[in-house]
Amino acid sequence: PILAVVFGIFAGISRQIRNSEYNMARSGLPLRIYYMIMGLILTVYLHGGQALYVYSIVLGNYIIGQLTKGTAICVPATWIYTSVCLFYSVTTSGFFDLPLTDFLRTLGLQELRWHVMLNMVMLKMIS
């Protein structure tokens, strides 16, 4: 029931922004900003400190994609990078050998939830 209420509020705000003249004059930029902010909030709410790990993988893949776009190594490079990130964190039980260990522990990154990360990576690879 609470999820239905939250979705109703999200959809209502989206509709208001989508139908506003300001949104149409700006080619939909306010709506994209709203979706981006709500996506960040949802990811942090669902995954807590793990969101930092998810976004670091996404940022790394984006940088690899920008550096290798249009070449045959783009897809294998992103797969290899993501696999290395996942298996490194699993084999070391997290990020305990990094200089930011105390800070990461305050964010709840002491243990990686493998089932969540595997699903995120598989969805990214399929898309």
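Is Gln 66 buried, partly exposed or exposed, and what is its relative accessibility? In this predicted model, Gln 66 is a residue of helix α4. Gln 66 counts as partly exposed because its relative accessibility is 38%, which falls between the 20% limit for buried residues and the 50% limit for exposed ones. The side chain of Gln 66 is engaged in a polar contact with the side chain of Lys 69, at 3.4 Å.

The overall architecture is helical. The chain contains 7 helices and 0 strands, and the order of elements along the sequence is α-α-α-α-α-α-α. The chain comprises 127 residues, of which 27% count as buried. Among contacts with a separation of 6 or more, 52% are accounted for by residues 24 or more positions apart. The exposed area of the chain is about 9,100 Å², and 73% of this area is supplied by carbon and sulfur atoms.

Helix α4 was examined further. This helix has 19 residues, and the distance from its first C-alpha to its last is 27 Å, close to the 27 Å expected at 1.5 Å a residue. The buried residues of α4 are Gln 50, Ala 51, Tyr 53, Val 54, Ile 57, Gly 60, Asn 61, Ile 64, Gly 65 and Thr 68. In an α-helix there are 3.6 residues a turn, so residues three or four places apart point the same way. Just after α4, Gly 70 adopts a positive phi of about 85°.

Thr 68 also lies in α4. Its relative accessibility is 13%, and Thr 68 therefore counts as buried, the limit being 20%. The side chain of Thr 68 reaches back to the backbone oxygen of Ile 64, at 2.7 Å. Ile 64 is itself among the buried residues of α4. When neighbours within four places in sequence are left aside, Thr 68 is in contact with Ile 73 and Cys 74. Cys 74 belongs to helix α5, which covers residues 74-91.

Ile 80 is found in α5 as well. With a relative accessible area of 55%, Ile 80 is exposed. Ile 80 and Asn 61 are separated by 19 residues in sequence and by 10.0 Å in space, C-alpha to C-alpha. Asn 61, in contrast to the exposed Ile 80, is listed among the buried residues of α4.

A nonpolar patch is present on the surface, formed by Leu 29, Ile 33, Met 36, Ile 37, Leu 40, Ile 41, Tyr 55 and Val 58. Together these residues have about 700 Å² of accessible area. Helices α3 (29-47) and α4 (50-68) each supply at least two residues of the patch. The greatest contribution comes from α3, with 6 residues. One of the patch residues, Leu 40, lies in α3. Leu 40 counts as partly exposed because its relative accessibility is 39%. The patch thus draws on α4, the helix that also holds the buried Thr 68 and the partly exposed Gln 66.

At the N-terminal side of the chain, Ser 14 is placed in helix α1, residues 2-19. Ser 14 is buried, its relative accessible area being 2%. Residues up to four places away in sequence not being counted, Ser 14 touches Leu 31, Tyr 34 and Tyr 35. These three contact partners fall within the range of α3 (29-47), the helix that gives the most to the nonpolar patch.

How values were computed:
Residues are numbered from 1 along each chain as its sequence is written. This is a predicted model: local features need pLDDT of at least 70, side-chain atom pairs count only at pLDDT 80 or more; totals for chains, interfaces and linings use all residues. Side-chain values use heavy atoms; hydrogens and water are left out. Patches are made of residues with over 30% relative accessible area and no salt bridge: like charges are joined within 9 Å, nonpolar side chains (Val, Leu, Ile, Met, Phe, Trp, Tyr) within 5 Å. Accessible areas come from the Shrake-Rupley method with a 1.4 Å probe; for residues, only the protein chains shown count as cover. A salt bridge is a side-chain nitrogen of Lys or Arg within 4 Å of a carboxyl oxygen of Asp or Glu. Helices (H or I, at least four residues) and strands (E, at least two) are DSSP runs, numbered from the N terminus. Buried means under 20% relative accessible area, exposed over 50%, partly exposed in between (1.4 Å probe, protein chains only). Contact means heavy atoms within 4.5 Å. A polar contact is a pair of N or O atoms within 3.5 Å; within protein, one must be able to donate a hydrogen and the other to accept it, and residues adjacent in sequence count only if both atoms are side-chain atoms. The expected span of a helix is 1.5 Å times one less than its number of residues.
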